[in-house]
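Please examine the sequence and the three-dimensional structure shown below. A short report accompanies them.

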Amino acid sequence: MSEEALREELVALGASLFQRGFSVGSAGNISVRLPDGYLMTPTNSCLGRLEAARISKLDLAWNHVGGDRPTKEVFLHRAFLEARPDAGAVVHLHSTHATALSCLDGAIPPLTPYFVMRAGREVPLIPYYRPGDAAMEPAIREAARRAKAVLLANHGPVICGPSLTDAVNAAEELEEAAKLALLLRGANPRLLTPAQVDDLLRTFG
Ligand code: ZN
């Protein structure tokens with residue numbers, strides 16, 4: 001897909017996430033890997049009102065080379081995109097249910113196959129760091145080597161996918177899984193067994 005088409009897709013998917021309440025105000029940010037660098041949502045931008053021409057562009061060394069200044073949370077994206085060559089895009093949200101779980105123990109059990117297919121075997125909980133604390137990046141990078149998604153304690157989820165559409169779908173699936181986990185808290189739900197999780201990961205990668 002061309003950079004121009006990816007910019008348009010980013011605008012459309014950002015608006016879709018915003019309109020359905022996955023992101024409010026200027027919360028949340030999205031990045032996309034390009035052959036010559038990265039696209040990133042701008043600092044203080046609202047996902048519901050992105051403009052294709054103003055989306056930040058960074059070169060392969062993460063220097064800002066075009067558009068508005070990138071999100072202050074650029075390091076979350078850098079940690080994932082550098083740790084995971086399979087990540088074509090990264091979505092970070094402050095979506096309600098995943099953020100609620102990030103204030104608890106962060107556990108999202110394997111309730112549905114689609115969550116396991118999108119997020120994998122585990123979603124590590126990264127300890128709390130003050131926004132902008134440089135120590136957060138190595139912690140995320142370490143977890144991203146073994147996981148496609150993390151929960152930042154008292155903050156929200158970060159998840160990647162092979163393409164922009166995949167990453168957005170994965171972020172939505174993660175939020176739904178967190179919602180189910182909260183709805184079923186205190187109940188005794190039937191979880192997928194380790195063998196069922198293995199079978200899903202073998203079959204769908
Ligand atoms: Zn954030």
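The report describes the overall fold and then the metal site.

The structure is a predicted model. The protein contains seven helices and eight strands. Its radius of gyration is 16 Å, close to the 17 Å that the globule rule gives for 205 residues, so the protein is as compact as a globular protein of that length. Of the 205 residues, 51% are buried. Among contacts between residues at least 6 apart in sequence, 67% join residues at least 24 apart.

The table lists overall values for the protein.

| Property | Value |
|---|---|
| Span of the C-alpha trace along the principal axes | about 50 × 35 × 35 Å |
| Exposed area of the protein | about 9,600 Å² |
| Distance between the centres of the positive and negative side chains | 3 Å |

Carbon and sulfur atoms supply 54% of the exposed area. The charged side chains comprise 21 positive and 23 negative ones.

Which residues coordinate the zinc ion? The zinc ion is held by Glu73, through two OE entries, and by the NE2 atoms of His92, His94 and His155, at 2.1 to 2.6 Å. Along the chain, these donors follow the spacing E-x18-H-x1-H-x60-H. Glu73 and His92 link distant parts of the chain, being 19 residues apart. Glu73 lies in the loop between β4 (64–66) and α2 (74–83), whereas His92 belongs to strand β5 (residues 89–92).

Are Glu73 and His92 buried or exposed? Both Glu73 and His92 are buried.

Conventions. Residues numbered from 1 in each chain as written. Predicted model: local features only at pLDDT ≥ 70, side-chain atom pairs only at ≥ 80, totals over all residues. Heavy atoms only, no water. Donors = N, O, S within 2.8 Å, 3.2 Å for Na, K, Ca; no water. Helix = DSSP H or I, 4+ residues; strand = E, 2+ residues; numbered from the N terminus. Buried < 20%, exposed > 50% of the residue type's maximum accessible area, 1.4 Å probe, protein only. Rg over C-alpha atoms; globule rule 2.2 N^0.38 Å. Contact = heavy atoms within 4.5 Å. Areas by Shrake-Rupley, 256 points an atom, 1.4 Å probe, with all protein chains shown as cover. Lys, Arg positive; Asp, Glu negative; His and termini not counted. Charge placed at Lys NZ, Arg CZ, Asp CG, Glu CD.
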